[in-house]
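Dear colleague,

Please find the structure below, handed over for your records and your own inspection. My notes on it follow.

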Amino acid sequence: MELGFSSLSLFMKSLEEILEIATNDGFDLIEILCEGPYWPRNLLNQGNNSTEKINEYDAKLNNMDIEIFDSYDIKVMLHSPTIDLNPASMNKGIRKETEKQTKEALDLASKIGAIAITTHPGLVHRREDRIRNLAIEFAIDTLGNCQRYAEELGVVFSVENMPNKPNFLANSPQEHRLIVESTGSVSTIDWGHANTYKNPNEFLNIPNISYFHLNDNMGKKDSHLPLGEGSADFSSSFLNNVKRGIIELNDYGDVLKGKKYIFEKLKGLR
């Protein structure tokens, strides 16, 4: 297994700090969460920003050098911006802005040589089948445009499954498969999200799995518990089928514990 973690656990550190920590702690992969100071439009326009540095956050916005990726021998994934965005929105303007920002993330992936980019399939805010079906159509159109752009750039574009909550698209294996196959993308399996569904293993039948997000919960809420503290299956039989895994937790200490937990499981020590 190639193992890495999400930069979520080191949010607000510089790219160099994140890459240095990942390398020193023996990780193979890193997934950069493209939110806040890691927003693709910001990273692609370093040197052209005029934001007044009035606090730490603004300083970070103007001090992220993407050339630093060339100095580290670690495979990089990106998680596209999703906060306040929605490829399935009923509002065409929101869909267009989502497509624009996702394509900017793809541009960033191409520039730094990222091996894949993950995105969310979207949200629907009314519990009516006709509205949900329309939202799925919109999501497929928006993400299909992004997939075609990814193909032009030679970047792997991956759509993530979501928790089993009514507002999320791809909250079931059937809907996830529909969106993945209709857009021509590959899939990212969030194992914590899958654990909120009645039969998580059905998500393992989704075609063309690019990599996994690894986190835990008790089966009801997407709580991002440390690995082994919830009810998700982290048996050696499951882990042996994970070719690439990203530990996605809020705290880096828990990431390191998760790394140890995984390799102890694989060695039969747990």
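Is P37 buried or exposed? With a relative accessibility of 0%, P37 counts as buried, since the cut-off for that class is under 20% relative accessible area. Please bear in mind here and throughout that this is a predicted model. P37 belongs to the loop that runs between strand 2 (29-33) and helix 2. Its C-alpha atom is separated by 9.9 Å from that of L15, and the two residues are 22 residues apart along the chain.

I turn next to the strands. Strand 1 comprises residues 2-6, and four of its five residues are buried, so that the strand is mostly covered. Strand 1 pairs with two other strands that are described here. With strand 8 (residues 244-247) strand 1 runs parallel, and four bridges join the two. Within this pairing, L3 has G245 of strand 8 as its bridge partner. With strand 2, strand 1 again pairs in the parallel sense, over three bridges. Here G4 is the residue that stands opposite L29 in strand 2.A further parallel pairing, over three bridges, is formed by strand 4 (residues 116-119) and strand 5. I117 stands opposite F157 of strand 5 in this arrangement. Strand 5 covers residues 157-160, and its side chains alternate in direction: F157 and V159 point one way, whereas S158 and E160 point the other way. These four residues are all buried.

Two residues other than glycine deserve attention for their backbone angles. D84 has a positive phi, near 70°, and A170 likewise has a positive phi, near 55°. D84 is located in the loop between strand 3 (75-79) and helix 4 (92-112), while A170 is located in the loop between strand 5 and helix 6 (173-183). Which of these two residues is exposed, and which is buried? D84 has a relative accessibility of 71% and therefore counts as exposed. A170, at 0% relative accessibility, counts as buried.

The salt bridges form the next topic. How many does a search of the whole structure find? The search finds nine salt bridges. In one of them, the side chains of E97 and R41 meet at 3.1 Å, N to O. That pair links distant parts of the chain, with E97 in helix 4 and R41 in helix 2 (residues 40-44), 56 residues apart. R41 also meets the side chain of E104 in a salt bridge, at 2.9 Å, N to O. Because R41 lies in helix 2 and E104 in helix 4, this second pair ties together parts that are 63 residues apart in sequence.

The three residues concerned can also be described by their accessibility. R41 is partly exposed, with a relative accessible area of 24%. E97 is partly exposed as well, with a relative accessible area of 27%. E104, by contrast, has a relative accessibility of 12% and counts as buried.

Another salt bridge brings together the side chains of R132 and E175, at 2.9 Å, N to O. This pair too links distant parts of the chain: R132 is in helix 5 (residues 129-153) and E175 is in helix 6, 43 residues apart. Both of these residues are buried. In addition, E2, K75 and R244 are joined into one network by salt bridges that share partners.

Finally, I should mention the surface. Which residues gather in a patch of negative charge there? The patch consists of E16, E20, D65, E67 and D70. Of these, E16 is found in helix 1 (residues 15-24). E16 is partly exposed, and its relative accessible area is 45%. That value satisfies the requirement for patch membership, because patches are made of residues with over 30% relative accessible area and no salt bridge.

To recapitulate the principal points: strand 1 pairs in the parallel sense with strand 2 and runs parallel to strand 8, and strand 4 pairs in the parallel sense with strand 5. R41 in helix 2 has salt bridges to E97 and to E104, and R132 has one to E175. Positive phi values occur at D84 and at A170.

Yours sincerely

Conventions
Residues are numbered from 1 along each chain as its sequence is written. This is a predicted model: local features need pLDDT of at least 70, side-chain atom pairs count only at pLDDT 80 or more; totals for chains, interfaces and linings use all residues. Side-chain values use heavy atoms; hydrogens and water are left out. Patches are made of residues with over 30% relative accessible area and no salt bridge: like charges are joined within 9 Å, nonpolar side chains (Val, Leu, Ile, Met, Phe, Trp, Tyr) within 5 Å. Accessible areas come from the Shrake-Rupley method with a 1.4 Å probe; for residues, only the protein chains shown count as cover. A salt bridge is a side-chain nitrogen of Lys or Arg within 4 Å of a carboxyl oxygen of Asp or Glu. Lys and Arg count as positive and Asp and Glu as negative; His and the chain ends are not counted. The place of a charge is taken as NZ of Lys, CZ of Arg, CG of Asp or CD of Glu. Buried means under 20% relative accessible area, exposed over 50%, partly exposed in between (1.4 Å probe, protein chains only). Two strands pair if DSSP finds at least two bridges between them.
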